Amino acid sequence: QSCLSRQQLLAAIRQMQQLLKGQETRFAEGLRVMRSRLSTLHNSLAKAGPEPPPVSCPALQAPADGKKFGTKYLVEHEVHFACEPGFQLLGSSTRTCQPDGSWSGQEPRCAEISECSSSPCQNGGTCLEGLNHYKCLCPQQWTGATCQYRAQTAPPAWSVTDDPAFSRQPRCAQVAQTQQCSCDPGFHMSGTAANGLCQDLNECEVYKRDEGPRLCAHLCVNLPGSYRCACPPGYRLLGDGKSCEDIDECALSQDDCPGGTSCINTGGGFQCVNPQCPPPAGNVTYVKTSPFQCERNPCPMESRLCHQAPKTVSFHYLPLPANAPAPAPLLRFAILGGDGRGHFVIQRSGRHTGELVLVQSLGGPQTVHVDVDMSEYLDRVFQAKHVSKITLFVSAYEF
């Protein structure tokens with residue numbers, strides 16, 4: 001009996017060892033499963049973290065003697081460039097922000113248009129620079145676009161002959177027993193070598209008669225041997241001596257707008273504006289929250305008409321030169337009304353943005369009104385409507 005009890009004890013010990021080993025195996029398996037679940041949970045939390053900020057591109061500057069249109073630098077947004085009169089754009093006129101944070105195209109720059117740099121005038125002709133054009137002022141015995149043909153010696157019709165201030169004595173020298181006479185630039189020899197007189201070339205009249213590009217952006221004033229350009233009131237002459245630039249009377253405090261109104265700069269002048277909120281209609285009323293924005297007062301819960309009325313009404317004013325080339329971006333829209341129908345369209349310019357585009361040139365002076373509707377949605381459910389009332393002041397001039 002003693003021996004049997006010992007065998008039973010050994011069997012019990014082996015059984016206990018197997019039980020402990022099984023429990024150890026199950027514990028290790030449970031620990032492995034727990035680690036796997038923790039890893040899966042950690043990965044899912046990492047994926048559900050905050051989205052990285054949207055990719056943007058470096059800020060772009062307007063080129064010297066040029067302008068930049070567009071202030072958004074996020075992916076798919078476009079920035080447009082243009083040059084001042086008398087300059088041509090080199091590089092890309094439109095650049096798009098790419099997903100890698102860089103801009104498409106080449107950096108733009110504005111180069112001065114110099115038609116006379118290639119010395120196109122032959123046989124001693126003088127090259128006269130115009131707006132994107134040139135004119136050859138030929139010596140007496142030569143004619144043609146580049147002074148390439150021999151001409152008669154009669155004075156041209158565009159010489160100034162009836163004003164002594166526009167006449168000069170020629171410079172003469174004896175060369176090989178013959179007298180050679182010449183005139184200063186801007187003057188033309190009239191008469192024979194013996195009694196010749198240098199008479200002024202009316203550059204303004206030359207360009208007017210040829211019906212080519214204008215010598216000046218606005219007004220040409222003839223001077224003895226030269227000319228100068230002048231601009232209309234409200235404009236200043238640019239450094240190229242030909243182009244005109246608008247004077248911003250509002251920025252220079254040169255306006256006389258009364259209190260309660262705002263000064264808006266326009267081409268050649270300014271406008272004093274004081275936009276008013278829409279009048280009350282039923283239970284729809286507005287309050288002015290800034291000089292250029294009105295907000296709708298809270299609506300009764302049951303009033304569907306009030307909730308469908310614009311939540312905000314904003315006012316925008318844009319100066320525009322006459323006969324501006326189209327198409328041209330001006331400002332997700334839908335045209336509601338105003339008197340600008342047919343002159344504008346709305347087009348998408350990015351993933352979440354749109355732009356108002358001028359599609360038909362506008363002569364001036366005139367004032368055009370366009371109402372733009374912007375609807376706000378959340379999960380494709382209409383939330384609110386916003387209206388922008390845009391007023392364009394079209395100048396009388398094309399600059």
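This is a chat about strands, a cavity and some backbone details in a predicted model.

Student: Before we start, what kind of model is this, and how are residues numbered?
Tutor: It's a predicted model, where local features need pLDDT of at least 70 and side-chain atom pairs count only at pLDDT 80 or more, while totals for chains, interfaces and linings use all residues. Residues are numbered from 1 along each chain as its sequence is written, and side-chain values use heavy atoms, with hydrogens and water left out.

Student: OK, sheets. What's the order of the strands in the one with strand 1?
Tutor: That open sheet has three strands in the order 1-2-4, with antiparallel pairing. Strands here are DSSP runs of E with at least two residues, helices are runs of H or I with at least four, and both are numbered from the N terminus. Two strands pair if DSSP finds at least two bridges between them.

Student: Which strands stand at the edges?
Tutor: Strand 1 (66-69) and strand 4 (94-96); each has a single partner strand, so one side of each is left without a neighbour in the sheet. The twist averages 20° from one strand to the next, with axes taken as lines fitted to C-alpha atoms (for helices over the stretch in contact) and angles running from 0 to 180 degrees between N-to-C directions.

Student: How many bridges join strand 1 to strand 2?
Tutor: Four, and the two strands run antiparallel, with strand 2 covering residues 78-83. One pair to look up is Gly66, whose bridge partner in strand 2 is Cys83.

Student: And what holds strands together in general?
Tutor: Strands of a sheet pair through backbone hydrogen bonds, either parallel or antiparallel.

Student: I'm looking at Thr94. What is Thr94 in contact with?
Tutor: Thr94 is found in strand 4. Leaving aside neighbours within four places in sequence, Thr94 is in contact (heavy atoms within 4.5 Å) with Glu78, Val79 and His80. Thr94 and Glu78 are 16 residues apart in sequence, and their C-alpha atoms are 6.7 Å apart.

Student: How accessible is Thr94?
Tutor: Thr94 is partly exposed, at a relative accessible area of 33%. Buried means under 20%, exposed over 50%, and partly exposed in between, using a 1.4 Å probe and protein chains only.

Student: New topic. What lines the largest cavity?
Tutor: Its lining is Arg168, Gln169, Pro170, Arg171, Ser182, Cys183, Asp184 and Cys198. A cavity is a set of points, on a 1 Å grid over the protein atoms alone, where a 1.4 Å probe fits but cannot get out, and lining residues have an atom within 4 Å of a point.

Student: What's the volume of the largest cavity, and how does the lining divide?
Tutor: The volume is about 40 Å³, meaning the space filled by probe spheres set on the points, with grid points joined across faces, edges and corners. The lining divides into three nonpolar, two polar and three charged residues. Ala, Val, Leu, Ile, Met, Phe, Trp, Tyr, Cys and Pro count as nonpolar, Asp, Glu, Lys and Arg as charged, and the others, Gly among them, as polar.

Student: Which sheet has strand 10 in it?
Tutor: An open sheet of three strands, ordered 10-14-13 and antiparallel. Strand 10 (167-168) and strand 13 (187-190) are at the edges, each with a single partner strand, so one side of each is left without a neighbour in the sheet. Strand 10 pairs with strand 14 (residues 197-200) over two bridges, and Ser167 stands opposite Gln199.

Student: What about strand 29, which strands pair with it?
Tutor: Strand 23 (residues 312-320) pairs with strand 29 (residues 381-394) in the parallel sense over nine bridges, with His316 opposite Ile390. Strand 28 (residues 366-378) pairs with strand 29 in the antiparallel sense over 13 bridges, and there His369 has Thr391 as bridge partner.

Student: How many residues are between strand 28 and strand 29 in their hairpin?
Tutor: Two, and Asp379 takes a positive phi near 50° in that hairpin.

Student: Where else is there a positive phi?
Tutor: Asp65 has one of about 65°, in the loop between helix 1 (2-47) and strand 1. Asn323 has one of about 55°, and Asn323 sits in the loop between strand 23 and strand 24 (328-329). Most residues other than glycine have a negative phi, and most peptide bonds are trans.

Student: Where's a cis one, then?
Tutor: Between Gly364 and Pro365, with omega about 0°. Pro365 lies in the loop between strand 27 (354-358) and strand 28.

Methods
On a 1 Å grid over the protein atoms alone, a cavity is a set of points where a 1.4 Å probe fits but cannot get out, and a pocket is an open set with protein on both sides within 12 Å along at least five of seven lines; lining residues have an atom within 4 Å of a point.
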